[in-house]
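Here is a set of short exercises to work through with the coordinates open in your viewer. Try each task yourself before reading its solution.

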2 protein chains.
Amino acid sequence: MAKAITRRSEDYSKWYTDICLRAELADYAPVKGCMVIRPNGYAIWENIRNALDSMFRETGHRNAYFPLFIPESFLKKEAEHVEGFAADCAVVTHGGGKELEEKLYIRPTSETIIWHMYKKWISSYRDLPLLYNQWANIVRWEMRTRLFLRTTEFLWQEGHTAHATEREAREETLTMLEVYRRFAQDYMAMPVICGKKTEREKFAGAVDTYSIEAMMQDKRALQAGTSHYLGQNFARAFDVQFQSQEGRLEYVYATSWGVSTRLIGGLIMTHSDDNGLVLPPKLAPTQVVIVPIWRSDQQRAEVLEAAGKIKSVLQGVSVEIDDRDNVSPGWKFNDHEVKGVPVRLEIGPKDIQNSQVVAVRRDTGEKSTTPMSAAGEVIPKLLSQIQAALFNRAKALLDDNSYPVETYDDLKSKVDQPGGFLYAHWCGGHECEDRIARETKATIRNIAIDAPREEGACIICGEPSPHRVPFAKAY
Amino acid sequence: MAKAITRRSEDYSKWYTDICLRAELADYAPVKGCMVIRPNGYAIWENIRNALDSMFRETGHRNAYFPLFIPESFLKKEAEHVEGFAADCAVVTHGGGKELEEKLYIRPTSETIIWHMYKKWISSYRDLPLLYNQWANIVRWEMRTRLFLRTTEFLWQEGHTAHATEREAREETLTMLEVYRRFAQDYMAMPVICGKKTEREKFAGAVDTYSIEAMMQDKRALQAGTSHYLGQNFARAFDVQFQSQEGRLEYVYATSWGVSTRLIGGLIMTHSDDNGLVLPPKLAPTQVVIVPIWRSDQQRAEVLEAAGKIKSVLQGVSVEIDDRDNVSPGWKFNDHEVKGVPVRLEIGPKDIQNSQVVAVRRDTGEKSTTPMSAAGEVIPKLLSQIQAALFNRAKALLDDNSYPVETYDDLKSKVDQPGGFLYAHWCGGHECEDRIARETKATIRNIAIDAPREEGACIICGEPSPHRVPFAKAY
């Protein structure tokens, strides 16, 4: 029998790692900070990719592929950008056995190389908008890494769009933020708060950064996706101008937006429990596992036949029949529990006699008996119920742990225990924000676009504050 | 109007590049030897990937993701492998602002990192086989590059499997060779010859390398995919042993196999013509473009409505309606011709009166008129006909330009003109093969597994030869 999973109450961080390893989602690579995404983990990433990719297409985007290598000089063209990224890069100095004339940076993000290309492709308003996305690997040299959540190399998508007007680019920024919110809610069953990052927390090179932020089970925040309005910063740095409909030369307006394999970390920490991985059905590579139970060869043949029939009526559901001979049903139950299959169907000789099948929910452990003839209707409904239940549970956690704090002492005393999103008044000033971050490690997650107006006083300096903002410790 | 495409007869190589650029498949990146895959090109790659990925799944494989970085020491563990690849690698010497203790190579292929991981995952025959594949980017420092065909960075898939027995691993090698052959034939409409590479041409680290080889329109060969039987070479280098069913410790048997974005180059050079790209319908991102023709706003509304109706009956066909206002129908015809849309449907006011639509085949230019009511049946059939016609045309080229040569002088005089696959007797010796390669640049493409036995004498040394082998210049 495989090793047990550490309990959350015992060591939350070890619990997380145990799940990654025991569910065979990922493993440590020999290069520090890098990971191997194993088939169970990669299948989740493929489901994430497919769902998001459809949403990107529906909003008019096309996929492309830009090079891994960025010349050193490119990174230096946008002042804030180079400051934000250059030190974290992996640098190629040799190629083909020779020292390179110009160092190449492995992309930490692709704005610079993409805007270099956009200059070749954009000359008139007729060329706009360009709505491109790429699925790619990214390298950022990280000191403290954790499987999925923060790794030196990770997989992501990065959208890069070019527009004729500020209005259109700003709309795009918010459209993609909404795509991320909808994906997090509808597929990941992970409620998020949407809003604008502060100056301190925004992307290096952006005018405005927006984010979706989720609350993990330990009540820490996870920034799960970002959408940036880049203004004309990159167009100026790479001299990308277009002739407008009125015949004027103008700089192009830009956005970029991305989510990464970090989302898998978010999935794990939103739903899983002490028994292993729990996956929302919409992203589960296997949604239903059928475990046939037999004691004799004849029974084996019968239950496998029945299992095959059930599988065949579950059209559109991803079903696996676990017909392994060398492990017991109990071992299989545990295995699929650890790996997070949303529904287990048990079928043995008695069930066949009664023309029924036993369904066990991964999220609640609840057992129910279904007539075989109804399985084709009941099981898909059960999957929808699980999807909804996971969201509701996560939403309750978020709601129950979002609360106002009135003073800095109040914030300090609660930021670790009970933790959560602490809504406090803040003047908008960098110094007050920075002091809180330094002293408590809590940061402002984001500022809701429609944050309800509530006059108050900054918990640090007492200056006027127009609304509360959520402070939290974050991954 | 856009620039014309160079004619094949004038400058074949420039024709190829013109197509890549004019059809907006790819563009040159600022880093020497790298390319940008533009949306039109990437959409073809996505179709290739989706089709192959299904075939990999059907043959029991699962996707995973292994790191980009390979420690220098890993590459050195397999003697032939390091000799074959180390000099062509891009090398990372700095990360996070510091010089690294051990240099990292950007993966030129992933055998070493994968077999390092396999050691962690394999201990018993119960863990076998491991049938993994990954879709990833690869870097090999190339001196002479060409869009898609040979670039410093490219995209590919690499399968890496681990088996308990030589027999099983050898079967896997040939199974995947057959998957590639079938994909080339059925999707790319590109006939290939299958066979084993000579020792001189095999993969560095393999026991045996098999390939599929296609003939381009200039009658040069393109190695389009390879499948390697690696024996126990990597298992020994990385000490991957398993306990067999009989309780013995044995080294694991391995295969690897891959195809890359080079296939897009093969597609272009197999089917395209002097007017632009020609794509087999099964891989065309847009299979049918409808060009509505109008002179007045009222006509515009009518033809667009009719176009919408036709699109709606073409279920399962990828259809685009080109309703651009700022370019003429003639301009659109040319544009879609350059970009290789297999079927163009023209529909104007007269066609509406006659309840008909005009279909134009990209491959032959043939026009036909179809009653609108029959479009849902006729057009999919037309697409199948085009798919078959493209294959037949390419097959005729391959057959017509595969022929025997009897002497070395014969080979030398024909290798450039008429070119093609020259079948000659060869003793099997490295020296004779090498001399031919050095003096004529023609290499043995591969040796068919079922090459018909025909006693003869090597065209160089006169020693006995059991069968002819195909010599050709290759990309």
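**Exercise 1. The contact between the chains**

Task: Find how many residues of chain A are in contact with chain B, and describe which elements supply them.

Solution. Start with the count: in this predicted model, 42 residues of chain A are in contact with 42 residues of chain B. Next, sort the chain A side by element. At least two residues each come from strand E2 (35-37), helix H2 (39-58), strand E3 (62-63), strand E4 (69-71), strand E5 (90-95), helix H5 (111-121), strand E7 (130-139) and strand E8 (153-163) of chain A. E5(A) gives the largest share, 6 residues. Finally, classify the residues: the side of chain A that touches chain B has 25 nonpolar, 9 polar and 8 charged residues.

**Exercise 2. A strand pair across the chains**

Task: Determine how E5(A) is joined to strand E5 of chain B, and in which sense the two run.

Solution. Strands of a sheet pair through backbone hydrogen bonds, either parallel or antiparallel. Look for bridges between E5(A) and strand E5 (residues 90-95) of chain B: there are 5, and the two strands run antiparallel. To fix the register, pick one residue pair. A:His94 has B:Val91 as its bridge partner in E5(B).

**Exercise 3. Two helices in chain A**

Task: Classify the packing of H2(A) against helix H8 of chain A as parallel or perpendicular.

Solution. Two packed helices are described by the angle between their axes and the distance between the axes. For H2(A) and helix H8 (residues 262-271) of chain A, the axes come within 10 Å and cross at roughly 105°. Angles of 65 to 115 degrees count as roughly perpendicular. H2(A) and H8(A) are therefore roughly perpendicular to each other. Now list the residues that meet: H2(A) brings A:Gly41, A:Ile44, A:Trp45 and A:Ile48, while H8(A) brings A:Leu263, A:Ile264 and A:Leu267. By class this contact has 6 nonpolar residues, 1 polar and no charged.

**Exercise 4. The seven-stranded sheet of chain B**

Task: Trace the strand order of the open sheet of 7 strands in chain B, then explain what is special about its edges.

Solution. Walking across the sheet gives E3-E7-E8-E14-E11-E10-E9 (chain B), and the pairing is mixed. At the edges stand strand E3 (62-63) and strand E9 (193-196) of chain B; each has a single partner strand, so one side of each is left without a neighbour in the sheet. Then check the pairs one at a time:

- Strand E8 (residues 153-163) of chain B is joined to E14(B) by 8 bridges, and the two run antiparallel. B:His160 has B:Ser256 as its bridge partner in E14(B).
- E11(B) and E14(B) are antiparallel, with 5 bridges. Here B:Ser227 is matched with B:Trp257 of E14(B) as its bridge partner.
- Strand E10 (residues 208-215) and strand E11 (residues 221-231) of chain B pair in the antiparallel sense over 8 bridges. The bridge partner of B:Ala214 in E11(B) is B:Leu222.

**Exercise 5. Buried or exposed?**

Task: Decide whether the residues of strand E14 of chain B are buried or exposed, and sort them by the way they point.

Solution. A residue is buried if 20 or more other C-beta atoms lie within 10 Å of its own. By this test 8 of the 8 residues of strand E14 (residues 253-260) of chain B are buried, so the strand is largely enclosed by the rest of the structure. In a regular strand the side chains alternate between the two faces of the sheet. In E14(B), one way point B:Tyr253, B:Thr255, B:Trp257 and B:Val259; the other way point B:Ala254, B:Ser256, B:Gly258 and B:Ser260, and all are buried.

**Exercise 6. Backbone exceptions**

Task: Locate the loop residue A:Asp239, and work out whether it counts as buried or exposed.

Solution. Most residues other than glycine have a negative phi, and most peptide bonds are trans. A:Asp239 has a positive phi, near 50°, and lies in the loop between helix H7 (233-237) and strand E12 (241-243) of chain A. The cut-off for exposed is 12 or fewer neighbours; A:Asp239 has 11 C-beta neighbours inside 10 Å, so it counts as exposed. In chain B, B:Asp239 has a positive phi of about 55° and is also exposed, with 11 other C-beta atoms within 10 Å.

For peptide bonds, inspect two prolines. A:Leu128 and A:Pro129 are joined by a cis peptide bond with omega about -10°, and A:Pro129 sits in the loop between H5 and E7 of chain A. Another cis peptide bond, with omega about 10°, joins B:Gln417 and B:Pro418.

Notes
Residues are numbered from 1 along each chain as its sequence is written. Chains are lettered from A and ligands numbered from 1 in the order in which they are written. This is a predicted model: local features need pLDDT of at least 70, side-chain atom pairs count only at pLDDT 80 or more; totals for chains, interfaces and linings use all residues. Two residues are in contact if their C-beta atoms, placed from the backbone, lie within 7 Å. Helices (H or I, at least four residues) and strands (E, at least two) are DSSP runs, numbered from the N terminus. Ala, Val, Leu, Ile, Met, Phe, Trp, Tyr, Cys and Pro count as nonpolar, Asp, Glu, Lys and Arg as charged, and the others, Gly among them, as polar. Two strands pair if DSSP finds at least two bridges between them. Axes are lines fitted to C-alpha atoms, for helices over the stretch in contact, and angles run from 0 to 180 degrees between N-to-C directions. Angles under 35 degrees count as roughly parallel, over 145 as roughly antiparallel, 65 to 115 as roughly perpendicular and the rest as oblique.
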